[in-house]
Each structure stands twice: as C-alpha cells, then as structure tokens.
Amino acid sequence: MPVDDAGPLRTPVRQGTLGVIATGTAASGPVLNGLRAAAREVGYALVVFSVPGRGRSAVPAAVAGLRLQGVVGIVLLDPHLFAEHPPVVGVPLVPAAAADQYDGARRATEHLLEMGHSTVWHVGGPEDAPIARARERGWRETLERHGADVPPVVRGDWSARSGYRAGQSLAVEVRMCAVFTANDHMALGLLAAFAEAGVRVPRDAHVVGFDDVPEAAYFAPPLTTIRQDFLAAGRQTLVVLTAAIDGVVPLPRTTVEAELVVRESSRPSVS
C-alpha cells in the first residue's frame, strides 16, 4: 500500500542505524546536519560513507561497506547518485529530500524584478553541479517568462573567492543593478568586491543569495537570501526511508518549500 500523503509527515520513534552515502563537501554540509538532527529526534544513529565522485563502483562499494555495519536503510545525500545507481536489493535506498531549488531561484529572481529592475544578473555555481543547474534554470526561465533580457552567467565554484572575482567583473557592467548569486558564500565575496569598487548595496545594486547560512544576517549589508529548511528535509527523508524499511511503497522523492528572507541587500535604499 502507498504512504498516505494527507496531513503532516511524521516518523515514529525507531532504533537502529542508517547509512548515508555522500560525495565531497556534502559529507559535512547542512543537508547532512539536517538529516542527523532529524534522525536524533526519532532514535536513529547515522553512519556516513563518503565516496570520491561518480565512479561506477563507488556507490556499490559504499553500500556493501554499510551493509556490513548492519544498517537498516541507506540515504544517498547527492540526488545525482540516485539517478545513476538504481536501488540495491536487500536494503532500502532512497535519495535525500531537498528544498525546491528551481522554485527558490524563481522567488529570488521575481523578488528582484519586483524591485523594478529590468533584468537580473546571475553568479552561477559549477556547471556539473545539479543544484547549480536547477538554480540557473529557475533564474533563466523566470526572466524569459517576464520578457526580460537574459545576461550571460558569471560562473563561480561556490566559494567566496569566486564570488569576489565575479563581483569584480560585474562591478564594471554599466547595466548591472541586480544580482542573484547561487549561494551565500559567493554573495559574500561579491559584496566585498562591490564595496571595493564603490558599488553601494542596496543604493546602487540589489543582491540576493541562496541557502541562508547562519552568517548571512551579519553580512555587510545583511543578505537577502533563499532559506532552505534542512531539518524539514531530513524529516521528509526519514518518512520515505522508514516506509521503505517497513515494506510500504514510499512516496516519490519529496521537496521542501524554499523561503525568501528579505534583508537590507535588496531593500529600497534611502538616499
């Protein structure tokens, strides 16, 4: 029978150990922290297995190692890993739930357009990162729906340093007055570059980030951003995985609504 999708999703108290397979920085990032907190709420322990990348043998080897540790289910923290590797017979395997990346980018872009800007520039993440592509697509298609010009993407690598370099190039763009960065760390670097170049935020330009990292409220100026509820995503993941462990047909992979948090970096300036 399928999981009933009516009402709030809850996971009953459990005992046992869950495995988590992650790549790169996801092995210590906020998605994992949200999943860990959600698991603590219901009594599960987590064992994390970090794999180097997309090698064909990486996930099967990780699954084998986790099964030797007696896990009752496994979460793939990176969505692309689930797409590339079908579930393994013998242990439930599900992708982690996540915020709706596309809709978050749509909200960020529409917010800047509603501020009266004719278009919005974008500092994108790495081209090979699925979440960067989803955020870029949300930005691009939102501009197209509003009949706005689509400027060329300025590419970053998630780091503040790459955002700083992007800010240096955007500061000399005559038509630039609104920027959506694909994460908050790049927005931090961009704000620093703008300040050095004499581009005053929010007087001369508006900036929106993505993630709502704890430091975002203390940037100069405080950063408007898209908040992801990582604890809610962790809870959603456990609902789906628990259903699979119980032999119930799980819900399709779920997403958590992204929230626009407006701060000084995109508020009307006072001249």
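Two rings of Phe, Tyr or Trp count as a pair if their centres lie within 6.5 Å. In this predicted model, a search of the whole structure under that criterion returns 1 aromatic pair. Its partners are Phe180 and Phe210, whose ring centres are 6.4 Å apart and whose planes meet at 45°. The arrangement is classed as tilted because planes under 30 degrees apart would count as stacked and those over 60 as edge-to-face.

The location of the two rings deserves attention. Phe180 belongs to strand 8 (residues 178–181), while Phe210 lies in the loop between strand 9 (206–208) and strand 10 (225–227), so the pair ties together parts that are 30 residues apart in sequence. Both Phe180 and Phe210 are buried. Phe210 has a further partner: the charged end of Arg135 sits over its ring, 3.8 Å from the centre.

Strand 8 also leads to the nonpolar interior through Val179. The largest nonpolar core comprises 22 residues, and Val179 is one of those that touch the most other members, together with Leu170, Met176, Phe194 and Val207. Strand 6 (121–124), helix 6 (160–170) and helix 7 (184–197) each supply at least two residues of this core. Helix 7 provides the largest share, 5 residues.

The surroundings of Val179 can be described individually. Leaving aside residues up to four places away in sequence, Val179 touches Leu112, Val120, Trp121, Val123, Leu170, Leu190, Phe194, His206, Val207 and Val208. Apart from the largest core lies another, of 17 residues, which includes Ala39, Val75, Ala96 and Val240.

Technical notes. Residues are numbered from 1 along each chain as its sequence is written. This is a predicted model: local features need pLDDT of at least 70, side-chain atom pairs count only at pLDDT 80 or more; totals for chains, interfaces and linings use all residues. Side-chain values use heavy atoms; hydrogens and water are left out. Rings of Phe, Tyr and Trp (its six-membered ring) pair if their centres lie within 6.5 Å; planes under 30 degrees apart count as stacked, over 60 as edge-to-face and the rest as tilted. Helices (H or I, at least four residues) and strands (E, at least two) are DSSP runs, numbered from the N terminus. Buried means under 20% relative accessible area, exposed over 50%, partly exposed in between (1.4 Å probe, protein chains only). A charge sits over a ring if NZ of Lys or CZ of Arg is within 6 Å of the ring centre and within 35 degrees of the ring normal. A nonpolar core is a set of buried Ala, Val, Leu, Ile, Met, Phe, Trp, Tyr and Cys residues joined through side-chain atoms within 4.5 Å. Contact means heavy atoms within 4.5 Å.
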